[in-house]
Amino acid sequence: MLRQGGLLIYPTETFYALGCLATDHSAVERVFTAKGRSRKKTVPLVVSSWAMVEKFLRLSRVARALAKTFWPGPLSIVTDVDESISALARDGAGQAAVRMTPHPVARILCELAEAPLVSSSANFSGGAPVCAPQDLDAGLVRLSGAMVIDAEPWPRGGLPSTLVKPADGRALRVLREGAVRVSELTAQGYEIV
């Protein structure tokens with residue numbers, strides 16, 4: 001389904017996500033349309049393995065060290081990505097927010113699709129994320145045409161992934177504090193700027 005341009009609503013380590021192949025521009029565009037998301041904001045991506053990292057991401061030395069410490073897990077790193085990733089998933093500098101998912105379902109989907117997946121929360125833009133399939137907005141499901149994957153383990157909820165952008169040296173800009181606390185980053189020797 002993903003390879004044919006389909007959209008899925010699938011569980012991740014934090015919340016249910018609405019996603020598609022990050023390399024399928026038309027499918028990514030439909031995610032934006034279904035959510036009512038501004039085109040000025042990119043969508044986060046998930047990868048499943050280091051092989052996928054090597055193929056699709058261009059990690060700086062700092063980003064690679066961060067990833068080696070916190071991946072798989074809920075730390076999204078803004079990094080350069082391959083041009084095969086949809087322009088809607090990249091910012092003007094060619095970067096995207098990416099994390100390696102530890103969730104078995106999301107990981108298997110990435111592996112089978114052989115590409116990163118868009119992993120935007122499965123809610124209308126500005127709405128609350130959900131942890132259980134029965135809590136999904138029926139209007140979003142209908143509008144997106146996405147197939148819902150009701151598989152355990154369900155997302156644990158809580159905080160979303162932490163979003164960071166590496167700067168110079170071991171400096172990081174924390175764009176959103178979430179499941180990985182700033183104190184965990186500083187404990188690893190990173191300077192928050």
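The accessible surface of the protein chain comes to about 8,600 Å², and 51% of that surface belongs to carbon and sulfur atoms. These areas come from the Shrake-Rupley method with a 1.4 Å probe, and for residues only the protein chains shown count as cover. I should state at the outset that this is a predicted model, in which local features need pLDDT of at least 70 and side-chain atom pairs count only at pLDDT 80 or more, while totals for chains, interfaces and linings use all residues. Residues are numbered from 1 along each chain as its sequence is written, and side-chain values use heavy atoms, with hydrogens and water left out.

Let me turn to the overall fold. The protein chain has six helices and 12 strands; helices (H or I, at least four residues) and strands (E, at least two) are DSSP runs, numbered from the N terminus. The radius of gyration is 16 Å, close to the 16 Å that the globule rule gives for 193 residues, so the chain is as compact as a globular protein of that length. Here the radius is taken over C-alpha atoms, and the rule is 2.2 Å times the number of residues to the power 0.38. Along its principal axes, the C-alpha trace spans about 45 × 35 × 30 Å.

Of the 193 residues, 52% are buried. Buried means under 20% relative accessible area, exposed means over 50%, and partly exposed lies in between, with a 1.4 Å probe and protein chains only. As for contacts, meaning heavy atoms within 4.5 Å, residues 24 or more positions apart account for 62% of those with a separation of 6 or more.

What are the residues with the most contacts inside the largest nonpolar core? They are Tyr10, Leu18, Leu66, Leu75 and Leu117, in a core of 60 residues. Such a core is a set of buried Ala, Val, Leu, Ile, Met, Phe, Trp, Tyr and Cys residues joined through side-chain atoms within 4.5 Å. Leaving aside neighbours within four places in sequence, Leu66 is in contact with Trp71, Leu75, Ile77, Val164, Pro166, Leu172, Leu185 and Tyr190.

Leu109 offers a second view of the interior. This leucine is found in helix H4 and is buried, at 14% relative accessible area. Beyond residues up to four places away in sequence, Leu109 touches Leu2, Leu8, Tyr10, Leu117 and Ile149; two of these partners, Tyr10 and Leu117, are among the core residues just named. The C-alpha atoms of Leu109 and Pro166 are separated by 28 Å, with their positions 57 residues apart along the chain.

Next, two partly exposed residues. Arg64 lies in helix H3, residues 61–70, and has a relative accessible area of 27%. Setting aside residues up to four places away in sequence, Arg64 touches Glu54 and Leu59. Trp50, in helix H2 (residues 50–56), is partly exposed, likewise at 27% relative accessibility. With the same kind of sequence neighbours left out, Trp50 touches Leu59, Ala67, Lys68, Trp71 and Met100.

Where do cis peptide bonds occur? One joins Trp71 and Pro72, with omega about -5 degrees, and Pro72 is placed in the loop between H3 and strand E5 (75–81). Another joins Glu152 and Pro153, with omega about 5 degrees; Pro153 sits in the loop between strand E9 (147–148) and strand E10 (162–166).

A further backbone feature concerns Glu114, in the loop between helix H4 (104–113) and strand E7 (117–118). Its phi is near 60 degrees, a positive value in a residue other than glycine. Is Glu114 buried or exposed? At 53% relative accessibility, Glu114 counts as exposed. Gln134 is also exposed, at 57%, and is found in the loop between strand E8 (120–121) and helix H5 (138–144). Gln134 and Ala87 are 47 residues apart in sequence and 32 Å apart in space, C-alpha to C-alpha.

I close with charge. The mean positions of the 22 positive and 18 negative charges are 3 Å apart. Lys and Arg count as positive and Asp and Glu as negative, with His and the chain ends not counted; each charge is placed at NZ of Lys, CZ of Arg, CG of Asp or CD of Glu.
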